[in-house]
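User: Please take a close look at one loop in this model and describe it carefully, then carry the account on to other parts that can be described in similar terms. I would like one connected answer rather than a list.

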Amino acid sequence: MSTPATPPGTPGGGALPTRRELRRRELRRRGRRRAGVNRGQTGAGWLFITPMLVILGLFLVLPIFMALWVSLSDWTGRGSPFAATTNYVGGENYAELLTGGGLAERDFGTSIRNNLYYVLIVVPVQTIISLLLAVLVNQRLLKARGFFRTAFYFPSVTSSVAITVVFLFLFSASGAVNRAVAYLGVNGPNWINDPRGLLHIILGAFGVDSPPGALQEAPFLGVSWWNWLAGPSVTMTIYIIMAIFTTSGTFMLLYLAALQGISGDIQEATLVDGANAWQRLWLVTVPMLRPTTFTVITLGLIGTWQVFDQIYTGTRGSPSKTTLTPAYLSYETSFNSQQWGQGAAIAFILFAIIVVLTILQRIVLRESDVVPKRKRFRPTGEGGRSSVVPVGPPVVPVKPPAGGAA
Amino acid sequence: MTQHRTFPSAGAGRRTPRSRAARLTVLLAAGGLALPALAACGGGSGFDDEGGEAGGDLEILIGSSGDAETAAVKDAVSAWSSEAGTGANVSVAADLVQQLSQGFASGNPPDVFYVSTDSFPGYAANGSLFPYGDQLEDVDDFYPTLSETFTFDDQLYCAPKDFSTLALVINTDAWSAAGLTEDDYPTTWEELRTVATTLTTGDQAGLAFGPEWQRIGTFMAQAGGHLVDDSLSADVDTPENLEALTYVKDLLTSGAAKFPSDVGSGWGGEAFGTGAAAMTIEGNWVIGALENDFPDINYVVVPLPEGPAGPGTLQFTNCWGIAADSPNQEAAVDLVQYLTSAEQQMTFATGFGVMPSIQSVAEEWKGEFPEQAAFLDGAESAQGVPPIEGIADVISDFNAQIEGLKSGDPQATLTSVQSTLEAVAP
């Protein structure tokens with residue numbers, strides 16, 4: 001076996017090689033290197049990852065296939081779902097949820113509505129806050145940076161169950177939050193038991209208390225337009241605040257790591273070009289952080305659509321089902337109502353929602369790779385180079401490894 | 001040499017896509033193979049159980065309310081065990097519903113376990129429960145309303161363990177502070193409204209009860225309403241129920257009655273204990289809770305007031321379920337027979353404050369707990385959770401609407417609950 005650590009050889013001597021020849025040699029060299037590394041170690045590699053593959057397969061992949069089968073069956077929860085007594089019912093469970101017209105459809109629609117508002121608020125806000133926090137604690141001038149980094153990250157390492165319990169105490173009718181706002185002369189709402197939607201409250205302030213006729217129809221998932229437009233309930237806002245509070249720290253860490261990967265040279269260059277602080281943040285730092293932003297938004301989307309433990313520990317869907325989420329509804333439907341097929345179907349619809357949204361978001365973020373002209377940084381009073389700022393994800397201030405050992 | 005090296009490198013170049021495909025194939029094949037394998041295992045174990053050996057130790061799974069209940073059940077089971085010569089082991093479930101579900105799915109459930117009224121219809125319908133009612137010696141001694149709750153397809157599936165009913169709990173200090181006497185204990189809706197209003201002060205609500213059918217259903221019962229009629233068909237949208245909900249809505253809007261969460265409490269007993277409410281509608285469990293958490297509260301338990309149609313309350317119960325997959329059903333039935341005997345039920349009653357599910361010890365129980373007699377007196381007019389598959393979802397949907405009752409439309413609520421209940425109880 002040839003030594004895998006051999007540095008890529010020097011090109012063979014002889015007459016001057018043509019460009020094409022060089023390219024071929026280069027390809028050959030790379031292939032050889034890969035083959036050399038792989039050939040002897042493939043078996044060992046497989047051996048090493050086998051335990052993980054077996055564990056993942058047994059506890060992740062197989063259960064997913066089982067759940068898929070359950071979502072297509074009439075399994076009642078007794079005995080194996082693969083026993084002869086369980087029948088294939090096709091999309092019946094899905095149809096019941098999406099077009100059934102009954103309680104199942106309405107509950108599912110309500111849970112989607114609740115979670116949609118949760119996602120719509122939590123994801124953008126936590127992304128912006130975590131970015132700002134990261135920029136703040138990345139300042140060299142900031143004193144006690146370590147303290148602030150720890151403080152901001154702290155909520156993320158605390159168990160969500162503990163934080164939920166604390167928040168429920170804080171927001172109880174006579175809790176700390178209401179005492180605090182009472183000092184300001186405001187009568188705080190009964191946070192934990194207020195099913196009114198925020199948008200409904202705002203509309204109510206303008207005298208719109210009951211739905212206009214056009215909004216009373218319920219064409220989609222059994223929930224009327226008026227209720228789709230309710231906004232998150234007062235109780236749901238507790239969870240929204242809590243999610244932003246706890247996850248901003250996690251994502252701050254991601255942004256912080258990315259910020260530290262941006263070389264000081266670039267900042268200096270922009271300083272030389274006369275960019276002010278806002279331009280440096282908005283036109284240099286933020287575009288360079290796009291890969292991280294993609295990660296943060298993706299993780300945020302996935303996490304927020306799957307919100308379960310806070311709801312399970314806290315209000316369990318009450319008041320008036322305004323904190324019901326698909327993940328909790330799936331649990332509730334399966335274990336408490338013994339509708340295993342429907343519970344599994346909810347989980348797969350949720351999965352589809354997450355996948356579609358992630359793909360959409362990927363497309364959106366990818367399309368903006370080309371910097372629109374108006375966003376390009378033009379140094380004032382100079383007509384020469386139009387774009388001095390390198391923009392785009394591949395720009396990483398690391399020397400390209402193409403040259404091999406250097 | 002170059003020639004020699006070219007070959008593997010070219011091969012490696014092609015290999016990447018091929019091996020990726022190969023890997024995928026392997027994974028899919030593994031998945032495909034493992035699925036039937038797992039199915040075979042699941043089916044196999046179920047088959048073994050049915051043909052398995054009879055006898056063996058009993059596994060008992062309970063959802064305990066606390067140490068007192070756990071100790072009482074353990075003592076009773078070990079007494080039976082040494083008498084019958086069959087081993088028995090009591091475990092306390094952290095999450096009863098989930099653990100039972102896992103047991104039923106694996107084909108290896110506990111032999112004897114608590115079953116709540118919420119999950120009873122589902123378990124009975126999917127065949128998880130062994131209907132043993134006809135093997136019990138004195139079935140008629142159970143309160144008929146309790147037996148009805150655990151009857152599915154005209155079969156009594158399991159024996160009621162014990163039960164509780166709702167009554168009116170009154171803070172006697174607040175009562176006399178408001179200038180009221182024993183003669184003023186409310187016996188009609190009008191009197192309840194009057195005393196609740198009298199008792200309402202700046203930081204004390206007259207009456208508090210949870211925003212759920214499990215409390216407000218008492219008013220429906222007193223008005224002559226119910227969830228389902230005698231043939232278990234949905235019968236929610238009735239003038240009786242409307243009268244009850246309208247009365248409750250009036251109580252709430254007048255401020256004389258509040259939901260516990262409106263006064264910063266988790267449930268009626270807590271609102272009552274903290275003094276945020278002078279009266280509450282709760283069941284037998286409130287006695288133990290007040291003793292533990294609020295020992296200084298002076299209170300009295302009186303029957304709920306009568307409505308337009310007379311007295312009415314709700315009852316809550318569990319039953320001793322026996323698994324259809326249990327290999328030792330004979331011993332299990334024997335154990336349940338022992339646990340529901342008059343003597344044992346009185347032991348449980350003194351142990352953790354429940355009411356016996358059999359009528360023959362009613363007088364004995366009242367003699368022992370005269371201050372709680374109001375709870376047992378309610379048994380005659382009590383309604384339970386109807387044994388209908390899917391009823392729990394309908395009730396929780398009803399509860400969601402009751403939470404908004406103060407600003408809601410009672411008629412619209414009843415109409416909507418009627419339609420959802422019709423879907424499961426035509």
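Analyst: In this predicted model, Gln338(A) sits in the loop of chain A that runs between α14 (326-336) and α15 (340-367). Its backbone deserves a second look, since Gln338(A) has a positive phi of about 60 degrees although it is not a glycine. As for its surroundings, Gln338(A) counts as buried because 26 other C-beta atoms lie within 10 Å, where 20 or more are needed for that label.

Chain B offers a residue to set beside it: Asp153(B), which is not a glycine either, has a positive phi of about 55 degrees. This residue, too, belongs to a loop, the one between β4 and β5 (155-156) of chain B. Is Asp153(B) buried or exposed? Asp153(B) is exposed, because it has 9 C-beta neighbours inside 10 Å and the limit for that label is 12 or fewer.

The strand β4 (151-152) that leads into this loop also has a part in how the domains of chain B meet. The domain assignment divides chain B into domain 1, made of 58-164 and 316-383, and domain 2, made of 166-314 and 387-424. The centres of these two domains, taken over C-alpha atoms, are 27 Å apart, and across the boundary 23 residues of domain 1 of chain B are in contact with 23 residues of domain 2 of chain B. On the side of domain 1 of chain B that touches domain 2 of chain B, β4 (151-152), α4 (120-125), α15 (373-377) and β13 (382-383) of chain B each supply at least two residues. The largest share of that side, 4 residues, is the contribution of α4(B), and by residue type the side divides into 11 nonpolar, 9 polar and 3 charged residues.

Taken as a whole, chain B contains 17 helices and 13 strands, and 47% of its 426 residues are buried. Among the contacts in chain B between residues at least 6 apart in sequence, 75% join residues at least 24 apart.

To return to chain A, one of its helices can be described in similar detail. Helix α12 (residues 290-305) of chain A has 16 residues and spans 22 Å from its first C-alpha to its last, close to the 22 Å expected at 1.5 Å a residue. The buried residues of α12(A) are Thr292(A), Thr293(A), Val296(A), Ile297(A), Gly300(A), Thr304(A) and Trp305(A).

Note on methods:
Residues numbered from 1 in each chain as written. Chains lettered and ligands numbered in written order. Predicted model: local features only at pLDDT ≥ 70, side-chain atom pairs only at ≥ 80, totals over all residues. Expected span 1.5 Å × (residues − 1). Domains from an automatic or database assignment. Contact = placed C-beta atoms within 7 Å. Nonpolar A, V, L, I, M, F, W, Y, C, P; charged D, E, K, R; others polar.
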